[in-house]
Amino acid sequence: MDGATVDRLLAEQRRYYRERAPEYDDWWFRRGAYALDTETAARWFAGVRELEAALEAFGPRGDVLDLAAGTGIWTRHLLRHADRVTAVDGVAEVLELNRARTSGAADYILADIFEWEPPREFDVCFFGFWHSHVPSRHFEAFWQLVDRALKPEGRVFLVDNARLGDSSHLVSSTGEVARRRLSDGREFDIVKRVWEPMELQREVGALGWRLSVRTTGNGYFISASGTKAR
């Protein structure tokens with residue numbers, strides 16, 4: 001995709017998450033229109049617990065940056081470990097939900113992540129369910145941003161989908177563009193790139209990162225942690 005096409009797609013992606021803000025938590029907690037049958041829900045939440053356990057073992061201590069912080073589902077976990085959390089998101093509506101969920105305990109910054117510059121170096125950079133929304137055209141620049149955001153021995157941790165999505169909101173997918181449907185029927189195109197663990201390790205490795213990538217036992221999610229090779 002050329003630059004103008006990517007810019008239009010990212011603008012639509014922001015609109016999608018602005019409109020999806022009130023129902024995002026319903027998807028994560030599988031409520032209402034996003035409810036699953038008992039067996040599938042059990043697998044889903046088992047995967048969620050695996051991600052939470054992986055983050056717990058990682059221990060996001062110190063000064064932590066939460067990129068694309070969303071409604072605060074992961075910010076709340078970071079706050080249990082960190083001395084300070086800075087939550088950045090490009091959508092005001094989800095950032096306000098984050099602030100409410102975390103009782104204002106973080107520093108909240110409304111900014112387009114592709115244009116934002118970190119104000120200082122952090123101990124940890126975390127991003128949850130964001131990396132798959134980074135278009136290939138911005139892939140290297142995004143990881144350069146992560147590098148600038150971290151102290152020399154800083155660490156990175158991410159969680160994301162291992163699958164495109166489910167029929168409750170996925171309409172279609174072509175290349176790195178997915179069409180999503182809100183519960184009211186409106187449809188939006190967004191960036192969605194699903195990574196195989198070895199592919200992700202290889203691509204970020206080419207940029208000088210050492211990442212360990214794992215898939216949850218149910219195959220729904222991935223988590224990854226690592227550092228920049230110095």
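This report walks through a predicted model of one protein chain, from its overall build down to single residues.

## The big picture

Let's start with the whole chain. DSSP runs give 6 helices and 10 strands. Along its principal axes, the C-alpha trace spans about 45 × 40 × 35 Å. A compact globule of 230 residues would have a radius of gyration near 17 Å, and the chain has 17 Å, so the two agree.

How much of the chain is tucked away? Buried residues make up 51% of the 230. There is also plenty of contact between distant parts of the sequence: among contacts between residues at least 6 apart, 61% join residues at least 24 apart.

## Two nonpolar cores

The largest nonpolar core has 37 residues, and the members that touch the most others are Trp28, Trp74, Phe129 and Phe221. Several elements give two or more residues to this core: the helices H1 (3–28), H2 (38–58) and H4 (92–101), together with the strands S2 (84–89), S4 (122–128), S5 (150–161) and S8 (187–191). A second core, separate from this one, has 30 residues, including Leu145, Val146, Ala149 and Trp209.

Take Trp74 as an example from the largest core. Which residues does Trp74 contact, leaving aside its neighbours within four places in sequence? The list is Trp28, Leu51, Glu52, Leu55, Phe126, Phe129 and Val159.

## Helix H5 and its buried face

Now look at helix H5, which covers residues 139–149. Its buried residues are Phe139, Phe142, Trp143, Leu145, Val146 and Ala149. Seen down the helix axis, they fall within an arc of 150°, so they line one face of H5. There's a handy rule behind patterns like this: an α-helix has 3.6 residues a turn, so residues three or four places apart point the same way.

What covers those buried residues of H5? The cover includes strand S1 (63–67), S4, S5, helix H6 (197–205) and strand S9 (209–215).

## Strand S1, buried on both sides

In strand S1, 5 of its 5 residues are buried. Asp63, Leu65 and Leu67 point one way, while Val64 and Asp66 point the other way. S1 pairs with S2 in the parallel sense, over 5 bridges. One of the residues involved is Asp66, whose bridge partner in S2 is Ala87.

## The three-stranded sheet

Next up is an open sheet of 3 strands, in the order S6-S7-S8, with antiparallel pairing. S6 (170–174) and S8 stand at the edges with a single partner strand each, so one side of each has no neighbour in the sheet. From one strand to the next, the twist averages 20°.

S6 and S7 (residues 177–181) are joined by 4 bridges, and Leu170 has Arg180 in S7 as its bridge partner. These two strands form a hairpin with 2 residues between them, where Gly175 in the turn has a positive phi of about 60°. On the other side, S7 and S8 pair over 5 bridges, with Arg180 opposite Phe188 in S8. Their hairpin has 5 residues between the strands, and Gly185 takes a positive phi near 95°.

Are the side chains of S7 buried or not? They alternate: Ala178 and Arg180 point to one face and are buried, while Val177, Arg179 and Arg181 point to the other and are not. Helix H1 lies across S7 and S8, running at about 120° to S8.

## Two buried loop residues

Loops can hold buried residues too, and here are two examples. Arg193 sits in the loop between S8 and H6. Its relative accessibility is 18%, and the cut-off for buried is under 20%, so Arg193 counts as buried. Leaving aside neighbours within four places in sequence, Arg193 is in contact with Ser132, Val134, Pro135, Ser136, Phe139 and Glu176.

Ile113 lies in the loop between strand S3 (107–110) and S4. With 6% relative accessibility, Ile113 also counts as buried. Not counting residues up to four places away in sequence, Ile113 touches Leu67, Ala68, Val88, Trp130, Phe142 and Leu145. The C-alpha atoms of Ile113 and Gly90 are separated by 6.6 Å, although the two residues are 23 apart along the chain.

Definitions and conventions:
Residues numbered from 1 in each chain as written. Predicted model: local features only at pLDDT ≥ 70, side-chain atom pairs only at ≥ 80, totals over all residues. Heavy atoms only, no water. Core = buried A, V, L, I, M, F, W, Y, C linked by side-chain atoms within 4.5 Å. Buried < 20%, exposed > 50% of the residue type's maximum accessible area, 1.4 Å probe, protein only. Contact = heavy atoms within 4.5 Å. Arc of directions from axis to C-beta. Pairing = 2+ DSSP bridges. Axes fitted to C-alpha atoms, helices over the stretch in contact; angles between N-to-C directions. Rg over C-alpha atoms; globule rule 2.2 N^0.38 Å.
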